[in-house]
Amino acid sequence: MMKNFKTEQEFFWAGEFGDDYISRNSNKKLIAANVNLFSKILEKTRNVKSIIEFGANIGNNIDAIRSLFPDCDCSAVEINKKAADILRGKNVKVYNASILDFTIEQKSDLSFTKGVLIHINPDELQTVYQKLYYASKKYILIVEYYNPVPVEINYRGHEGKLFKRDFAGELLDKYPDLSLIEYGFVYHRDNNFAQDDLTWFLLEKNK
Ligand SMILES: C[S@@+](CC[C@H](N)C(=O)[O-])C[C@H]1O[C@@H](n2cnc3c(N)ncnc32)[C@H](O)[C@@H]1O
């Protein structure tokens, strides 16, 4: 039975579109591209022993992280039940819930999203920023589509489902103890490890 979510975007991902996304999101090239991306990001960190991913789907990012940090303790929040069930089979601590409702039980060294903030109802972003911040002991990673000002674009024929903006900049403004460690871009025409024009921003909490 479908839960009573607050936003149309949550119903979209918990339902049929989210179920169908799983098969589109499974391929070996993507895994190789993720290993390349996460090796560039994680080399900038120190002592990351636990991570939590918000909107992890079937764990493609977690697989890449584990190939680099084999002993990493991995948790995930995922709204889609089919994806959450697959994740559970990968020895990940899974919360099958919406990020908007989820209560953090335990902080991780790194909290992150990849391709998820772009799908959150913009009115709820402050809640998600707060959760990302409190879920992290040290690092926050944002891998999303960047635009200097908020814009909406059509997503596979759907309206109200894809938004771009400066997510990392908004987090830096909201929490002045955060600082920018590094950032980068992955071009969709990269010769070897293409991704969908992703931008990434690694932030650190300064105690
Ligand atoms: C575009 S996919 C990205 C998946 C994964 N992060 C990756 O990079 O392969 C977006 C994911 O976020 C999940 N999601 C979307 N909104 C969510 C919410 N409010 N709470 C939890 N998960 C959500 C979707 O079900 C989906 O698995």
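Two strands count as paired if DSSP finds at least two bridges between them, and the strands themselves (E, at least two residues), like the helices (H or I, at least four residues), are DSSP runs numbered from the N terminus. With these terms in hand, one pair can be stated at once: Phe 185 has Thr 199, in strand E9, as its bridge partner.

The structure is a predicted model, in which local features need pLDDT of at least 70 and side-chain atom pairs count only at pLDDT 80 or more, while totals for chains, interfaces and linings use all residues. Residues are numbered from 1 along each chain as its sequence is written.

## The chain as a whole

The protein chain contains 7 helices and 9 strands. Its C-alpha trace spans about 40 × 40 × 35 Å along the principal axes. The radius of gyration, taken over C-alpha atoms, can be set against a globule rule of 2.2 Å times the number of residues to the power 0.38; for 207 residues a compact globule would come near 17 Å, and the 16 Å of the protein chain agrees with this.

A residue is called buried if 20 or more other C-beta atoms lie within 10 Å of its own, exposed if there are 12 or fewer, and partly exposed in between, with the C-beta atoms placed from the backbone. By this rule, 35% of the 207 residues in the protein chain are buried. Two residues are in contact if their C-beta atoms, placed from the backbone, lie within 7 Å, and among contacts between residues at least 6 apart in sequence, 65% join residues at least 24 apart.

## The sheet

An open sheet of 7 strands runs in the order E3-E2-E1-E4-E5-E9-E8, and its pairing is mixed. Strand E3 (93-95) and strand E8 stand at the edges with a single partner strand each, so one side of each has no neighbour in the sheet. From one strand to the next, the twist averages 15°; for angles, axes are lines fitted to C-alpha atoms, for helices over the stretch in contact, and the values run from 0 to 180 degrees between N-to-C directions.

The table lists four of the strand pairs.

| Strands | Direction | Bridges |
|---|---|---|
| E1 (residues 50-54) and E2 (residues 73-77) | parallel | 5 bridges |
| E4 and E5 | parallel | 6 bridges |
| E5 (residues 136-144) and E9 (residues 198-205) | antiparallel | 6 bridges |
| E8 (residues 178-186) and E9 | antiparallel | 8 bridges |

Individual residues show how these pairs are matched: Ser 50 has Asp 73 in E2 as its bridge partner, Thr 113 stands opposite Ile 142 in E5, and Tyr 139 stands opposite Glu 204 in E9. In a regular strand the side chains alternate between the two faces of the sheet.

Strand E5 has 7 of its 9 residues buried, so the strand is largely enclosed by the rest of the structure. Helix H6 (residues 125-135) lies across E1, strand E4 (108-114) and E5, and runs at about 135° to E5.

## Two glutamates in neighbouring strands

Glu 144 is found in strand E5, and it counts as buried because it has 22 C-beta neighbours inside 10 Å. Leaving aside residues up to four places away in sequence, Glu 144 touches Thr 113, Gly 115, Leu 117, Ile 118, Phe 167 and Thr 199.

Glu 204, by contrast, lies in strand E9 and counts as partly exposed, because 19 C-beta neighbours fall inside 10 Å. Its contacts, again without residues up to four places away in sequence, are Lys 138, Tyr 139, Leu 178, Ser 179 and Ile 181.

## Two asparagines with positive phi

Asn 47 lies in the loop between helix H3 (28-42) and E1, and its phi is near 60°, a positive value in a residue other than glycine. With 8 C-beta neighbours inside 10 Å, Asn 47 counts as exposed. Asn 57 is found in the loop between E1 and H4 and has a positive phi of about 55° although it is not a glycine; with 26 C-beta neighbours inside 10 Å, however, Asn 57 counts as buried.

## Around the ligand

Asn 57 also appears beside the ligand, which is surrounded by 21 residues, the closest being Trp 13, Gly 55, Asn 57, Ile 79 and Lys 114. Helix H1 (8-14) and helix H4 (60-68) are the elements that give two or more residues to this shell. Here a residue is near a molecule or strand if its C-beta atom, placed from the backbone, lies within 6 Å of it.

By class, the shell has 8 nonpolar, 10 polar and 3 charged residues, where Ala, Val, Leu, Ile, Met, Phe, Trp, Tyr, Cys and Pro count as nonpolar, Asp, Glu, Lys and Arg as charged, and the others, Gly among them, as polar.
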